[in-house]
Amino acid sequence: MVRTSQSLRVLGPPDVAAGLEVIGADPVVNVFADYRTRITQLDPRWLGGEMWGYFEGDRLASMCHVGANLVPVNASPQAGVAGGDRAARSGPRSSTIVGPRESVALL
C-alpha cells in the first residue's frame, strides 16, 4: 500500500501556479477563486482573508478561500474534512459557505 502525506496550509505567492492548475479543473465553477488568485497573487495583504491549500504529498489537490465566504475549490472528502476541522478550530470568520452542494456539504 502506498501512503501519501496529507496536509492543509495557508497558500501564498509561491503557490499561484499550482493554485491555478487546481482551479483549472473546473474554471467555470471556480471563477471566484480564479479571480481572487490572479488579482491578489495569493498575498494575504490583498486577499482579504486566506487561501488554504490541501496537499496530497507534494501536490496541491484542493483549495478553500476563507474570508467573508468559505469557498471550496476541487474539494475531496479528505480536504473537506480537513478544511471543516480547521474552520471550526479557528472560530467564526465566514458568514456563508458558497460552492457546489457536494463540496459545501463536506465543510
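## Just past helix α2

Let's start where α2 ends: right after this helix, Q41 takes a positive phi of about 55 degrees. Keep in mind that this is a predicted model.

## Two sides of α2

Helix α2 itself covers residues 31-40, and its buried residues are A33, R36, T37 and T40. Looking down the axis of α2, you'd find these buried residues within an arc of 100 degrees, so they line one face of the helix. Flip to the other side of α2 and you meet V31 and I39, which are exposed.

What do the buried residues of α2 pack against? On the helical side, their partners are α1 (16-23) and α3 (44-47). On the strand side, they pack against β2 (50-56), β3 and β4 (69-73).

## S62 in strand β3

One of those strands, β3, spans residues 59-66 and is home to S62. Is S62 buried or exposed? S62 has a relative accessibility of 3%, and the cut-off for buried is under 20%, so S62 counts as buried.

Who sits around S62? Setting aside neighbours within four places in sequence, S62 is in contact with V22, W52, G53, Y54, V73, N74, A75 and A79.

## W52 and the rings

W52, one of the residues in contact with S62, also has a charged partner: R86 lies over the face of the W52 ring, at 5.0 Å from the ring centre. As for rings paired with other rings, how many aromatic pairs does the structure hold? The count is zero.

Notes
Residues are numbered from 1 along each chain as its sequence is written. This is a predicted model: local features need pLDDT of at least 70, side-chain atom pairs count only at pLDDT 80 or more; totals for chains, interfaces and linings use all residues. Side-chain values use heavy atoms; hydrogens and water are left out. Rings of Phe, Tyr and Trp (its six-membered ring) pair if their centres lie within 6.5 Å; planes under 30 degrees apart count as stacked, over 60 as edge-to-face and the rest as tilted. A charge sits over a ring if NZ of Lys or CZ of Arg is within 6 Å of the ring centre and within 35 degrees of the ring normal. Helices (H or I, at least four residues) and strands (E, at least two) are DSSP runs, numbered from the N terminus. Buried means under 20% relative accessible area, exposed over 50%, partly exposed in between (1.4 Å probe, protein chains only). Contact means heavy atoms within 4.5 Å. The arc is that of the directions from the helix axis to the C-beta atoms.
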